[in-house]
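The following paragraphs lead the reader through a protein model with its ligand. The account begins at the ligand and then turns to individual residues elsewhere in the chain.

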Amino acid sequence: LAPKDLLGKRIVITAGGTREPLDPVRFIGNRSSGKQGVALALAASARGADVTLIGANLEVHAPDAVHVEHVSTTLELRDAVAGAAASADIVIMAAAVADYRPEAVAEGKIKKETQGDTLQLTLVKNPDILHGLAEARQPGQVLVGFAAETESDRDALLALGRAKILRKGADVLVLNTVGWTEGFATDGNTVVVINAAGDIVGEAAGTKASVANSILDTLV
Ligand code: C5P
């Protein structure tokens, strides 16, 4: 039986990957499946937390035990997080959020017949949701970010993470390496967890369920 060490804690967890539409039938997206975020939601709920899962295009079933809100774009995710985070003790931003979105969404399908041999897209920067949460931080709230990087060298990964946690203003950052065959959409994960001082406060490798529990151990 899971320890009830998160009893009474309100936790908001984002999972999946945001999609930015180009036209009614196409989007720019990423390969995040939502597995790690959903595993965190399940584990936190089993440990007694009151969990709100905000899922962006989840490829896995959202657990019945938690409140689920489904979103697709980064702006929808931002609005859902803003609503839920106001009363949260912990916010875990496990979702892979698109850094840019198309400046304009075409009303009809973009057609190659009228585009010719090249198609140029203009993208505009999305708001940084985690950074926004940190700027409007509720007293005592713990903000957790994820950083999925393609660097597989541990020192390079840690250096990127230390710069990122300061830039974002988060309390805890979960670092993992992703690539063509790693991290996204797989059943296992390997993570290093750091705090705002840049110290390593947790490490885990295994199934996404066991990694989820290790991350929660660190937060507890
Ligand atoms: O900068 P990077 O995308 O690597 O940061 C990753 C962390 O920041 C994740 O926790 C992600 O959910 C969050 N993020 C965000 N808003 C963005 C981009 C990333 O909250 N626009």
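In this predicted model, a polar backbone atom of Ala95 lies 2.8 Å from an oxygen atom of the ligand. A second approach involves Phe146, where a polar backbone atom is 2.9 Å from an oxygen atom of the ligand. At Pro127, a backbone N or O atom is found 2.8 Å from a nitrogen atom of the ligand. The ligand taken alone exposes 440 Å², and the protein buries 88% of that area.

The site itself can be described next. The ligand occupies the largest pocket. Three elements give two or more residues each to the shell around the ligand, namely α4 (129-135), β9 (142-149) and α5 (154-168). The residues around the ligand are Met93, Ala95, Val97 and Asp99, then Pro127, Asp128, Ile129 and Leu130, and finally Gly145, Phe146, Lys164 and Lys168. Sorted by class, this shell comprises seven nonpolar residues, one polar residue and four charged residues.

Helix α5, one of the elements that contribute to the shell, also holds Ala159. Is Ala159 buried, partly exposed or exposed? Its relative accessibility is 47%, and Ala159 therefore counts as partly exposed, since that class covers values between the 20% limit for buried and the 50% limit for exposed. A comparison with Asp99, which is among the residues around the ligand, places Ala159 in space: the two C-alpha atoms are 21 Å apart, with a separation of 60 residues in sequence.

Attention now passes to strand β10, which spans residues 172-177 and includes Asn176. Asn176 has a relative accessible area of 6% and is therefore buried, as the limit for that class is under 20%. Which residue does the side chain of Asn176 meet in a polar contact? The partner is Asn189, and the contact between the two side chains is 3.1 Å.

The last residue to consider is Gly48, which is located in the loop between α1 (35-46) and β4 (50-56). Although Gly48 is a loop residue, it is buried, because its relative accessible area is 19% and the class requires a value under 20%. Gly48 and Gly140 are separated by 92 residues in sequence, and their C-alpha atoms are 19 Å apart in space.

Note on methods
Residues are numbered from 1 along each chain as its sequence is written. This is a predicted model: local features need pLDDT of at least 70, side-chain atom pairs count only at pLDDT 80 or more; totals for chains, interfaces and linings use all residues. Side-chain values use heavy atoms; hydrogens and water are left out. A residue is near a molecule or strand if one of its heavy atoms lies within 4 Å of it. A polar contact is a pair of N or O atoms within 3.5 Å; within protein, one must be able to donate a hydrogen and the other to accept it, and residues adjacent in sequence count only if both atoms are side-chain atoms. Accessible areas come from the Shrake-Rupley method with a 1.4 Å probe; for residues, only the protein chains shown count as cover. On a 1 Å grid over the protein atoms alone, a cavity is a set of points where a 1.4 Å probe fits but cannot get out, and a pocket is an open set with protein on both sides within 12 Å along at least five of seven lines; lining residues have an atom within 4 Å of a point. A molecule sits in a cavity or pocket if more than half of its atoms lie within 2 Å of its grid points. Helices (H or I, at least four residues) and strands (E, at least two) are DSSP runs, numbered from the N terminus. Ala, Val, Leu, Ile, Met, Phe, Trp, Tyr, Cys and Pro count as nonpolar, Asp, Glu, Lys and Arg as charged, and the others, Gly among them, as polar. Buried means under 20% relative accessible area, exposed over 50%, partly exposed in between (1.4 Å probe, protein chains only).
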